Every structure is written in structure tokens, then in C-alpha cells.
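Colleague: Could you walk me through this model? I would like to ask about a few places in turn.

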Amino acid sequence: MSSNAKKAIPDRIRSLIMDSHLEKPIYEYKREEISGFTSKAIIGIGKYYAAKLKRKAKIETIADLANLDLKIADEIGISRKLLEKWTLSASIIHRFASSTEVPLSSHRVCIAGLGAAGKSSLIKTLQTQKTTPVTFPTLGASIEHLDFLGLKIALWDLGGQPSFHKLYLDDPKQFLSRTMLLIFVLDTQREERSGEAAQYLNNLLIKFKYLKEKPKIYLVLHKYDPILDKTDLDNSIDVILNNIRPVLTKYRYNFRMLKTSIFDVEELVKLFSRVFADVSPLSEILSDSLAFYSETHGFTASFLLTENCFIAAEWTTQLTTEQRDKLFLEIMEGIRQEVYESEKKHDKLVIMSQMGGIFITIDRMEFDSIKLFLCSISTEFKSNTEPETEKFIGEIRPWIINFFSIIT
Ligand SMILES: Nc1nc2c(ncn2[C@@H]2O[C@H](COP(=O)(O)OP(=O)(O)OP(=O)(O)O)[C@@H](O)[C@H]2O)c(=O)[nH]1
Ligand SMILES: [Mg+2]
């Protein structure tokens, strides 16, 4: 066996597979054969679960598992988190085997909506983490970038003036194909425009149907400004949804809804963290490991934040929403100082919360080019958390590294 052949299956794929469940050494297989491996060859599955997958869902091979529809998770009787972990491993392997590794970063996130709905301001505010109104209309489509967990997300800001709609609708391949997420922005303060907005959304959905694609949809009810009366705004939202909902139902879309304003930056960042987490299968895995880590220590809450303060994973108990939000603000402040202001980069930072009797520990972690902050909240000072923190880092490292090796 030449050393070249031995190298045919790279380490990042081998690290997901248990050799002992194969009939011969892994390097004797051809690339295209590995999708046909039994599912129990994936690390963590083992004989028991492999038998269950076969019995309940007719899943025998890695290819079967890669194509598993997670909607049937409940029927299989295996926890959804475990299934998500395994299907991610399976799809990494399967994509490699079938040579169709599509860089995830080449999928797009489209932000659409009528002119002056506030799309560009929203994007700029997320990028700068400061209220940043944009006052000139976007000409055509503008591509903006945001970093989430090291994943470069390309945001296509589709200028909303009527003259540009035709551009996207006439050439959907260029402007709309491979959209994994459609963020449709509506101006909460202009409910009288929602009929027109519904018509535009309808035209976009026709094009997705033509492309045989079905992106996830988020409706962003924007300009939900903190200083305005909530009841009035919510009444407008009812009017808007009455116009928009039938369009989504017509094309059988589920959707999620966010109420945002560029005048509440923290809330905007928090809400969009969830949107991006939805795009990254890595988030589920990180949440899972974080929950385990936090329960072991009896933390009150913990957050895993990216360098730009997006929430990559979160775990909370015993906290009211208000307390959680206050803590999140203090953590953001702590990290901003750490990243942008402090000369000396601390590996560990302990701050006393203004709420009193609460300790916030911030651990800075680096995985190649990706920086993450592990923020743990506790009511007592915990001195010896190093070994568990090391374990946690050890647990998430291969996922982060593997994940980025397929998307870049
Ligand atoms: N009150 C309020 N105004 C906002 C908010 N976000 C944006 N605006 C204002 O809305 C106007 C339009 O903002 P843009 O970001 O340019 O809107 P757009 O959707 O990108 O518009 P097009 O590029 O033409 O499609 C500007 O005057 C912004 O200052 C918000 O959250 N609250
Ligand atoms: Mg714009």
C-alpha cells in the first residue's frame, strides 16, 4: 500500500469513524465506498443504537443517516440532539465520499423587503454593534459579510426600491439560487405598505418554487423602537401579519418572527444570534456540550459567545428573562473591553455582576482562527474549574475543526 493511498481518506474524516467496526483497515477502501459503511462505524453510535436506527428508521449505512429527515426523530426514540450530532458526522463523511462538498459559505442569506424598510441599517448595526442608520437607498444588490463562529455569512442586501425588484425576479438564478435563509424585513411603523410587501414576497416565493428551493424564512418586524408604545406597534403587526401570512401559507412555508430595532442593539444581536445559529449545525453540538459542562459545575447560566458577541450557545436555569438580559449586557461589555480595549489579553477574567452576589467568569478560548468566550455565571466563586474547562474545550475542538474543514 503506497503512502499516497493511505492518505486518500483524510484525518478529519477518519476521526469520525471507528475502524474496529469495519471489515478491513480504512485505508484499503476507496473514497466512494465509505458512504456505504454501516452506521455503527460512526464514533458514538455503537451496536445498540445502530440496531435501533435500522429497526425504527431503516437506516443501515452512513449515506442513509446523512439523508435522515430529523422530523422523524421522535418516532425513532433516540434524543434529537444525539441524532443531530450523528447526522452531522454522517453528512460530513457522505459529502466527502460523494465529492460534492459544497462550501457552506457559498450558500446565501438574502435580506429582502420594500425600500426604506431598514434592511441596510439593520445589517450595518449588526456589523458595527452600534446603532447605525443608513440614509441612502441601496442600488441593486449589495453583498455584506458577517462572521459567526468563524463562518463567513454572505448577506445579500436586496435593495427594495420597485425598479430593482424586476432585476431579481427576472434573473432568479443569479440573485436567489442557493438561498438557505430568506430574511424578509417589514416596517412596523408603516403597516399600510404591507399589502405591497405581501405582493413582493409572493413574487419572490414564486421564483423559489421555480428554482425548486425552499429557504427558511424569518419575518423581521423592524422599527419596533423601544421608545414607542408597544400596544400600538403590536396592533400594526397584527395588520401586517394578516397580509403576509396567507402568502406564506399558500406556498406552505413555516416562518419565525423577530421584532427588531436599530435602537436596541443588544436585542438585535441576541435575536440574530439565533438566526445564524439556525444556519450552523455546529450550534446544536456546542449547546449540548455547554449544557453538560454547566450542569457538572452547577452554574446558574452560561453563554458561549463569538468574538463579535453573537451567542453561539446558551444554557440557563433559575434566571428570569430580565436577569438573563442584564447579565448578557454585562458580559458583552466585558468582552468588548477584553477584545477591543485591553492591551493585555486575559485568558480568564472574573467580574462581579452589578446584580450583586453573582460571579461572571469569562474564559477566552482559541481554535485556530476562531475565538470563543465561555462565560459562566455562578453564585459562588469557583476556584478549580480548569480540568472541566479543559475537558469541555477538548470535546468541542474536533467539531469546530472538522466543521471548518468542510466549509472552507
Ligand atoms: N425608527 C427607526 N428607523 C429606522 C430603523 N432602521 C432603519 N431606520 C431608518 O429607515 C430608513 C431606511 O433605512 P435603510 O436601511 O436605508 O432601508 P433599506 O431597507 O435598506 O432601503 P432600500 O435600500 O431602499 O431597500 C432610514 O432613514 C433609517 O434611518 C429602526 O429600527 N427604527
Ligand atoms: Mg438598503
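Below, we talk through the ligand sites, one serine and the salt bridges.

Colleague: Before we start, is this model predicted or not, and which residues donate to the magnesium ion (ligand 2)?

Modeller: Do keep in mind that this is a predicted model. The donor atoms are an OG and an OG1, lying 2.0 to 2.1 Å from the ion. They belong to Ser-120 and Thr-138.

Colleague: How many residues apart are Ser-120 and Thr-138?

Modeller: Ser-120 sits in helix α7, residues 119–128, while Thr-138 is in the loop between α7 and β2. Both of these residues are buried. The pair links distant parts of the chain, its members being 18 residues apart.

Colleague: Happy with that; now ligand 1. Which residue has a polar side-chain atom 2.6 Å from a nitrogen atom of ligand 1?

Modeller: There are 23 residues around ligand 1, and Lys-119, Ser-121, Thr-138, Gly-160 and Asp-225 are the closest. Oxygen atoms of the ligand have a backbone N or O atom of Ala-116 at 2.9 Å and a polar side-chain atom of Lys-119 at 2.7 Å. For the nitrogen atom, the residue is Asp-225.

Colleague: And what share of the area that ligand 1 exposes when taken alone does the protein bury?

Modeller: Among the polar partners of ligand 1 is the side chain of Lys-119, at 2.7 Å. Taken alone, the ligand exposes 660 Å². Of that area, the protein buries 85%.

Colleague: Let us move to Ser-194. Is Ser-194 buried or exposed?

Modeller: Ser-194 belongs to helix α10, residues 194–210. Leaving aside neighbours within four places in sequence, Ser-194 is in contact with Val-239, Ile-240, Asn-243 and Ile-244. Its relative accessible area is 3%, which is under the 20% cut-off, so Ser-194 counts as buried.

Colleague: Which residue offers the backbone oxygen that the side chain of Ser-194 reaches?

Modeller: Ile-237 is 43 residues from Ser-194 in sequence, with 9.6 Å between their C-alpha atoms, but the polar partner is another residue. The side chain of Ser-194 reaches this backbone oxygen at 2.8 Å. The oxygen belongs to Glu-191.

Colleague: On to charges: in which helix do Asp-170 and Lys-166 both lie?

Modeller: A search of the whole structure finds 13 salt bridges, and one of them joins the side chains of Asp-170 and Lys-166 at 2.7 Å, N to O. Both residues are exposed. They are four residues apart, about one turn of the helix, and that helix is α8.

Colleague: Why does Asp-187 count as buried, and how does Lys-223 count?

Modeller: The side chains of Lys-223 and Asp-187 meet in a salt bridge at 3.2 Å, N to O. The pair links distant parts of the chain, with Lys-223 in the loop between β5 and α11 and Asp-187 in strand β4. Asp-187 has 10% relative accessibility, under the 20% limit, and therefore counts as buried. Lys-223, at 24%, lies between the 20% and 50% limits, so Lys-223 is partly exposed.

Colleague: One last pair: in which strand is Lys-259, the partner of Asp-234?

Modeller: The side chains of Asp-234 and Lys-259 form a salt bridge at 3.1 Å, N to O. Asp-234 has 25% relative accessibility and counts as partly exposed, and Lys-259, at 31%, is also partly exposed. Asp-234 is in helix α11, and 25 residues away Lys-259 lies in strand β6.

How values were computed. Residues are numbered from 1 along each chain as its sequence is written. Chains are lettered from A and ligands numbered from 1 in the order in which they are written. This is a predicted model: local features need pLDDT of at least 70, side-chain atom pairs count only at pLDDT 80 or more; totals for chains, interfaces and linings use all residues. Side-chain values use heavy atoms; hydrogens and water are left out. Donors are N, O and S atoms within 2.8 Å of the metal (3.2 Å for Na, K and Ca); water is not among the atoms, so sites may look incomplete. Helices (H or I, at least four residues) and strands (E, at least two) are DSSP runs, numbered from the N terminus. Buried means under 20% relative accessible area, exposed over 50%, partly exposed in between (1.4 Å probe, protein chains only). Contact means heavy atoms within 4.5 Å. A polar contact is a pair of N or O atoms within 3.5 Å; within protein, one must be able to donate a hydrogen and the other to accept it, and residues adjacent in sequence count only if both atoms are side-chain atoms. A salt bridge is a side-chain nitrogen of Lys or Arg within 4 Å of a carboxyl oxygen of Asp or Glu. A residue is near a molecule or strand if one of its heavy atoms lies within 4 Å of it. Accessible areas come from the Shrake-Rupley method with a 1.4 Å probe; for residues, only the protein chains shown count as cover.
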